[in-house]
Structure formats: structure tokens, C-alpha cells
Amino acid sequence: MSAKTTAPAAPRSAHRSRPRSAHRAGRQLHGGRLAYAILILFTVGSLFPLVWTAVAASRSNERLAQTPPPFWFGGNLFKNLKIAWTDANMGTALLNTTIVAGSIALGTVFFSTLAGFAFAKLRFRFKNLLLLLVIGTMMIPPQLSVVPLYMVVAELSWTDQLQAVILPTLVSAFGVFFMRQFLIEALPTELIEAARVDGASSWRVVWHVVFPAARPAMAVLGMLTFVMAWNDFFWPIIALTQNGSPTVQVALTGLGRGYIPDQSVIMAGALLGTLPLLLAFVLFGKQIVGGIMQGAVKG
Amino acid sequence: MRSASDTGAAEPGGGGGPAVVAAAPAGAGAPGGDRVAAADPVGPAEARRRERRSRRYRRDVRWSPYALVAPFFLFFAAFGLFPLLYTGWASLHQVELTAPNEMHWVGLRNFSRLLSDEFFWNALRNTFTIGVISTVPQLMIALGIAHLLNYKLRGSMFFRVAVLTPYATSVAAATLVFVLLFGRDYGMVNWALGQLGWGPVDWQNGTWTSQFAVSTIVVWRWTGYNALIYLAAMQAIPPDLYESAALDGASRWQQFRHVTVPSLRPTILFTCVVSTIGATQLFGEPLLFNGGAGATGGSDHQFQTLGLYLYEQGWVNLHLGRASAIAWTMFLILLLIGAANWLISRALRKETT
């Protein structure tokens, strides 16, 4: 369908443009009008539910129970945000989520860089076997471990405490693999050897050579992990409750289950839970996109 | 031995080569650089110290890789492998959430009970249908969008970020919004359908309609993410492939079919596997699409997935043993899917060569 929108690339289609189109064919073509139209439509579809969350959050519950549904902002935004903030404990939940996602991102980046460096640049016995094991662990679904994890957490009386959510997710196989793929190319082996010449121990090499070289990938992995940890749902909802120290997702579940039956307040809560990440997307969208694409090609 | 191989790896580095050899303490008698030779006349104390340092160095080089990878494996053993095995053990017992330490051996009864439980089969069926109607359109749309994004575009970065934005929304927030949008009486979807002259649809209570609505949330959240993965793979396709295809008279559409798609085959397979794994674990969307009704997946279990069924058995009905059995059954299903995927990819590869 998109083929129609672009310049005819087949040499047969136009005599005059034969050499030019053949020459151009390998290069990136400019998008035609139809390409823009479809992309804009898709973008609207992607953004609409988010914008509408804000619209609904700025209305009253009564207005939401009328047709046609509201399309533009009303005047109740701050009132609803305030109710969600106090009644659903969104303030605490946001703080908890920041702590959880921050710790998980830091831990994952740190441990992944260490292991990724070892797998990328060092030689040791069983290296390939261990790397295969790392990749294999990506296949294990989280459902498979929740029951015993819950038992352990209950045994340690960690239910409702943040470490119950942080510790099990502190390392990530994807992270190890991601850092390895990055460091293979980004870290010249000579640099490590040069540090060795100067008598640096492995830890000094890691600190003074590996970490500086890995910084761009560390930033990307940190952002991706943060987004994932922020949105994690399955384990937090089992380990934490609305009455203890919930993350945003757990608090939102409470909202959705009708502790507060007001739809506009629920939307205000959803908005509060999403806003920090949306902000991050506005600021670092380019890097996040780059990170996902980089991970995709190499992974 | 280790250090010898390390210096070997550095040799192609050119200028760095000799210095490295000189510095490698293992090579005390190796062709020394000037610096080492100059400092060579040393007393026995200095020699001993050097010996000690070289031993420490060898130990460091030998063992530090293990220290570097150890955290991952320690955490994985504690929070991944041990629970995995223990789930298997628990699935052979009767365990209640109220007293998780009291386990009574019941053998395979949890599993046999599962197989005769209509809600299990219902959940399995729902997981399958929701998985298909969310994964297939998602990946196909993603492929199309990626193809468009691969053109030279004004504001291409804006499109990429915008397309990825749903990925930043949580399951909870997204589902709550879609519950409103798919509302029967005042939802926007039914309002729009009404404008087109179609009657209101009860999105939550019908089997197909509710599954369609749940799938929509999945498609909305993940299509852009997959599109970026495809886009990355597309940009890695060498341009001369297109050039020669164009010289052979292939149209743009033919190029897409015969150059782009085959080159993307490994990536497509990868996203298929990842999406399938994601689909079998579907949990948050059906849980919250239910509103206040808990983990049943609708009044008639019409959109209860396996993940939700596990949660219901374990944390609503308090049967952890049964929940473990469901978990292991899910794992076996995943292994089957993995094997099927592998066979399919092998067959495809044979077909192309």
C-alpha cells in the first residue's frame, strides 16, 4: 500500500528516470503523503488515550457519565489530583515507586556492567556455558517463581516492604547481554592492557576504564530498566498491598477496584502514575528510542 | 597461562604489544622492553616483592572474571533458580496461603485436578485466543509502521518517540483508561460506533468483545516498541540489496516482500517468541479490565487468562500448591511453544537455502 506513495523505483516504469531511479533505489526514499498520513494517524492513536486520561481527570464524575464523552479539558483537574493524592496515597506511592525503580535501575546497571565486561573482554573457563545460562534465564516466566518467592518474603516478614520488590529484580539477564554486546565494540582491548601495564588491578580497570567507556550504554540500560521497574505489576501486586507501602501500580489497582468509585479521580490517579515517565520521554525520548533500537539490532 | 593469552589478544594492537609483554609479570624472562631491562639489577628483596606482586596479579586475572559475574548468578540462584525448582516441589503438595510452611504431599493430584477443571481449560483457551488476536495484528502493524518510519521523514524522531510513548504507560494506567473508553453506556468507543449507526456493544460481558478489548490494550502498548525493533533491523539491511533488486525491475512493494521481509526473518522470529511469551503471561490487563470483580476475568470467566487463573487460585482461593501446578503447566506450554518455534524456523531456513 505504501508502495504507491513513493517514486516509481522500477526502471521499467519510466524511461526517463531509468538510470536515476536505479541509482537511487538503494538509498533512503522520502516518505510520500500517504506515509505521513498513516504515521500521523498512528501517532494520534498512540497519544490519544494518554491525552484523554488528562481530559477525563479534569472533568467530574457526572460529566463522564454522559454522552457524548468530553473531548476537551474541564476545570476539575487540580481537585481530582488532590483527592487521588490524599485518598489513594499517591504521594507515598510515587515516592515508593521512585525508590524501587531507582534502586533496581542502579543495581541492574552496576551488576550488568560488571558481568557484561567479563563476558565481553575477559577469558575464563566456562565462559560460553555461563553466557548461555544467562540468556536461558530470560526464558523463565515470572509466574514460575512467585509462589516460593512469596513464601520466602512471608517468612522474612518482608510483605509490604520495598526490599521484597527490589531484591528479586536487582539483576537482569537482558542487562548483562546488552552491556556485553556494547562493550565488545566500544571498549578497545588495548585500553585494558594499557591499564594492566600500569599495574592496575581488575577492580581499578573496571572503575577507571570500563565504567567510563560503558557510560552511554549504562545510561540507556538505566532508563530502560527504570521504565520497566516503574511499570512492573505482577510481583508488586502480590508482595505489596494498598495498606502497606504500595507502588504506584498497586495503588492504581486499588483505585480501579473501586475504593474510590469516582472515575475522574481514577483517571487523575492514572495520570499521576504515568506523568513522571511521560516527562522522561519528553526529555530523553531520543535516547530511549536509540537504546531500544540498539538493543534490538545487537540482541 | 591466563596472562599469556591476554597478551596474545593485545598483540594486534601494534605499538602496545611489546610494553604489554614486558608488563605481564608472568613473562619475567620474556623479551623485555627497555624499561624492565633498565630496572633489572635488583636485590633479592626486590625480587621477592616482584614475585609476590606477580602472584597476586595472576590470582587477580584468574579469579576476577568470576567475581564480576558472580552477583548475577548469586541473585539468579536466590530469586530465580531456587524458586523455580521449589515451585515444582510445591506443586506436588497441598499448601495453603494461610500456612505456607505446612505442606502435605499429594503427588500429582494438583495436576490431575487441573486437567479436570473446566476453568483451567477455559483460561487456556482464552490465553490462546487473546494471544493470537493481540500478537498477530500487533506485529503486522509494527512491520508496516517500521517500513514507513524507514523512509526519510521530516520529524522522524518525533514519530519514533510518539510511537513508543504507550510503552511508557503502565498496565494499570492503560487498562483503567481503556475500561472507560470501552464503557458500555458512556464509553467513547460505543459513542463513535453510535455515530456510525451501530448499536452499543457490551465490551465487558461478551466473550469475543471482551477479549477484543483486552487485546486492544496489549496492541496499543506494544506495537510501537516492536516497530522500533523492526526499524533497527531494517536499517541494518545493506542498501545494495535494494539496488540490485531495483535493477532487476522489482517494484517498491516487491522489494519489501522479497528483500525487506526475508532480511528481517530472524528479527520477526525473535519478536514472535517474545510476544508469545508475553501473551502467555498476560495478567494485568484482564485483572483490571474486570473493574471491581476480582480475579475471575469477567462475570463468566470470559477473559480469564492462565496468569489470572494462577493468581485466583493462589491469592484469592489461597491454594498455593495448585497455583504452583498452574505455573509449571505454563512453563511446559512455553517449552512446547519454544520447540515449535525452533522447528518452524528450521523449516523456514531449509526452504530459503
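How many helices and strands are there in chain A? Chain A has 14 helices and 0 strands, where helices (H or I, at least four residues) and strands (E, at least two) are DSSP runs numbered from the N terminus. Before we walk on, please keep in mind that this is a predicted model, in which local features need pLDDT of at least 70, side-chain atom pairs count only at pLDDT 80 or more, and totals for chains, interfaces and linings use all residues. Residues are numbered from 1 along each chain as its sequence is written, chains are lettered from A and ligands numbered from 1 in the order in which they are written, and side-chain values use heavy atoms, with hydrogens and water left out.

## The two chains

Read from the N terminus, the elements of chain A run α-α-α-α-α-α-α-α-α-α-α-α-α-α. Chain B holds 15 helices and 2 strands.

Some words will come up again and again. A residue is buried when its relative accessible area is under 20%, exposed when it is over 50%, and partly exposed in between (1.4 Å probe, protein chains only). Of the 299 residues of chain A, 56% are buried; of the 353 residues of chain B, 49% are.

A contact means heavy atoms within 4.5 Å. In chain A, 70% of the contacts with a separation of 6 or more join residues 24 or more positions apart. For chain B, 63% of the contacts between residues at least 6 apart in sequence join residues at least 24 apart.

## Where the chains meet

Now look at the place where the chains touch. Here 109 residues of chain B are in contact with 116 residues of chain A. The buried area between them is about 10,200 Å², and carbon and sulfur atoms give 77% of that. Buried area is the accessible area (1.4 Å probe) that two parts lose on being put together, summed over both.

How many salt bridges does the rule find across the interface of chain B and chain A? The rule finds 0 salt bridges there, a salt bridge being a side-chain nitrogen of Lys or Arg within 4 Å of a carboxyl oxygen of Asp or Glu. On the side of chain B that touches chain A, helix α4 (residues 44-90) of chain B gives the most, with 20 residues. That side divides into 78 nonpolar, 21 polar and 10 charged residues. In this count, Ala, Val, Leu, Ile, Met, Phe, Trp, Tyr, Cys and Pro are nonpolar, Asp, Glu, Lys and Arg are charged, and the others, Gly among them, are polar.

## The nonpolar cores

A nonpolar core is a set of buried Ala, Val, Leu, Ile, Met, Phe, Trp, Tyr and Cys residues joined through side-chain atoms within 4.5 Å. The largest one has 176 residues, and A:F117 and B:W315 touch the most other members. Helix α11 (residues 202-231) of chain A gives the most to this core, with 16 residues. Leaving out residues up to four places away in sequence, A:F117 touches partners that include A:L122, A:L183, A:V210 and B:L68. A second, separate core of 5 residues includes B:Y242, B:A245, B:A250 and B:V259.

B:W315 belongs to helix α14 (B), where it is one of the buried residues. This helix (residues 306-316) is mostly covered, with 10 of its 11 residues buried. Just after α14 (B), B:L318 takes a positive phi of about 65 degrees.

## Four residues to find

Try locating these residues in the structure.

| Residue | Place | Relative accessibility |
|---|---|---|
| A:S112 | helix α5 (residues 90-121) of chain A | 1% |
| A:D160 | loop between α7 (143-155) and α8 (163-166) of chain A | 21% |
| B:S299 | loop between α13 (284-289) and α14 of chain B | 63% |
| B:H301 | loop between α13 and α14 of chain B | 12% |

Why does A:S112 count as buried? A:S112 counts as buried because its relative accessibility is 1%. Beyond its neighbours within four places in sequence, A:S112 is in contact with A:G107, A:S172, A:G175, A:V176, A:M179 and A:L221.

B:S299 is exposed because its relative accessible area is 63%. B:S299 and B:L264 are 35 residues apart in sequence and 42 Å apart in space, C-alpha to C-alpha.

Most residues other than glycine have a negative phi. A:D160 has a positive phi, near 70 degrees, and counts as partly exposed. Phi of B:H301 is also positive, near 55 degrees, and B:H301 counts as buried.
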